[in-house]
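Please look over the structure that follows, and keep it in view while reading the paragraphs after it.

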Amino acid sequence: MGFADYVTTITTGVMWACWIILILYALRVLLFILFGCEEIRRMREAMAVGYSAVAVVFTFQATWAIQHFVQRIVGDGSSIGSPSRSIYALLVICSLIIYAAFICNFSRSLWMLKNLDHAVFEPVPKWEELTVPKLKRIAEFGTRMAAALLFIYLEFKLERLAQPHGAAEAGSIAGGASATRPLSDAGFVAIFLYAMLLLWWLSGRWIAGKAMPWLLLVFFGAGLFNSFFIFVFGDAPVDESSKTWLLLTIVIASAFATYMIIYVLFDLIKALKVWVLTVKTWLGMRVFKGPAPAGP
Amino acid sequence: MRPKTHVFPAFAGRLRKWCSFGLALLCLSSLLVTPACHRDQGKVIFALPVADWWTAAPFLLPQNAEIFKQKGLDLTTLEVKSGLESKNAVIAGTADIGVCAATPLAIAAAKKEGLVVLNTYLRASSIVGFVRPKDMAPNAVPPAPVGLVLSTISESFLYHYLKQRGQEKLLIDKQLPTRPARPADIPGLFKSQAVKSAVIWEPFLSIAGEETGYVADRSVPFEVNLYIITRPTVWNERKETVQKFLAAVEETCRYLRENSDPSRRNTEQRFGFKADFLAATWPLVHYEVVWDLQHMKDEINREAETAKALGQISEIPKSDYLFAK
């Protein structure tokens, strides 16, 4: 058995991992809506449940495109060079990591956008007070809103990628249309999304100064690089002359994607720790009639 | 009693954290991989080049799903753009079975990429040809830049055309400017005047040939066979499933042969072509699952020689292992 015989298994595993991460973030948002808000605004919470649900459904649909994404990268790219089998394995692994990083970021965005909606940004204390000046507020809200719209649009594009209609495409070309480039198109939208997120970070820097986390800037920068990669190589035929570029950039892109995944996982681990502590405290209060000892 | 201390408390704390993180990851991965490893024996992922009606037609018949189900197969179709992509999907593991022409197979054999040819699936003549200016003289070298799909029958066709006219050096020495493209991009390249001619297969040959000033030239004889392929491990370990797949394909092909006109209309409908768009080209393709070893060997050898001449491979491969079946 070679690596190729495990690709379907690995792809399924990555898809499950993406679902688990998505479920955890959706749960986090739901718990925040139910128990986390100090001030309940019912209409606003109803809207929040609505747009979060739409985003969760779109992200879930986008996970089905994982196999198509890997196939598109492998499809043209691996017809070149030698030793081929290791190139195939490299392309499969890298493309899986890159796509998983996108899904992880979408899931994380659910939580970040919900928090910001309540004027909470965890790394910066007193975010609400800092965003009182009108101009700063406009800059922060404007970039956040644009990013949220692009985020939904990109998920929509990826969802379309999950349901390819190659036969219909040939018919539309016969009718005079141009060939579609679903992956390059998604990469193009993603460039704008991450550029907007970088602008949002800059607005945050203007608002909170040095308190704005640099690691988040690197996170968005990594997303921007990966978007460029998908835009350039997603639907392009690859020949010998562009082989080195493809291999070089896919390795760099997957290194960035790994960083994005680790960033999201650490974020989730922190949240899980808080949940465990909350449950322990609750059990301590209910079962042992007293507060549980403080956690680490 | 003295409190328990550690020489490097900070390091021990971090180590504990990393260990628990690692353990959590290990548990998560085993949780994910265990169910994913359980694979239904009847499940088959098939990489179908769906952009070309002639490769996809039998698989788009309404009866198709029922035929595969009756054979006990759970067929998942992975849509790909070309036979080259289908072959890559099989080698990379994103699909179990694919279809491709002899050109990618010859290159795959030279690189020892690990493939098994199961059968010939279709035979076509004049399905690939030139899109050239109407006023191009017969037997002339096509005007440059020439749109090509690399490592496919498109490149092979051009080589053979030039070779018959003693002009193959133009392609070997790269004196004839070419423009690599995906099949679906070729008609668009004529619109934007990025190419002056192209070698492409149906339906893009017919589509691009409708551009003003151009014509689809099918006069150069060039036989194309498509082969059903898989990985050696799939063939060795899931032989029964693969055989059921071949039997199902044979049944769909037979249905298509016996119901040619309704099948053509169905294909036109599925692709969104206008009525009778395929009337002229439909009879050029013959669908039948056959095992014609010598014919397969001859064609793959011919393509290997082409690939060697074009510098894609360094020596003619011994392709016997491709026919391990």
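How many salt bridges does the rule find across the interface of domain 1 of chain B and domain 2 of chain B? In this predicted model, the rule finds zero salt bridges across that interface, although it does find four residue pairs in polar contact there.

To see where this interface lies, begin with the domain assignment, which divides chain B into domain 1, covering 38-124 + 224-323, and domain 2, covering 128-217. The C-alpha centres of these two domains of chain B are 25 Å apart, and the contact between them draws on 22 residues from domain 1 and 20 residues from domain 2. Together the two domains of chain B bury an area of about 1,700 Å², and carbon and sulfur atoms account for 68% of it.

On the side of domain 1 of chain B that touches domain 2, the elements giving two or more residues are α2 (53-56), α5 (102-110) and α13 (293-309) of chain B. Of these, α13(B) gives the most, with four residues. When the residues on this side of domain 1 of chain B are sorted by kind, 12 are nonpolar, five are polar and five are charged.

Another element of chain B to find is helix α4, residues 83-92, which is mostly covered, with 10 of its 10 residues buried. The buried residues of α4(B) include B:L84, B:V90 and B:I91, and among them are also the charged residues B:E85 and B:K87. Just after α4(B) comes B:G93, which takes a positive phi of about 100 degrees.

Terms used. Residues numbered from 1 in each chain as written. Chains lettered and ligands numbered in written order. Predicted model: local features only at pLDDT ≥ 70, side-chain atom pairs only at ≥ 80, totals over all residues. Heavy atoms only, no water. Domains from an automatic or database assignment. Contact = heavy atoms within 4.5 Å. Buried area = accessible area lost by both parts, 1.4 Å probe. Salt bridge = Lys/Arg side-chain N within 4 Å of Asp/Glu carboxyl O. Polar contact = N/O pair within 3.5 Å; in protein donor to acceptor, adjacent residues only side chain to side chain. Buried < 20%, exposed > 50% of the residue type's maximum accessible area, 1.4 Å probe, protein only.
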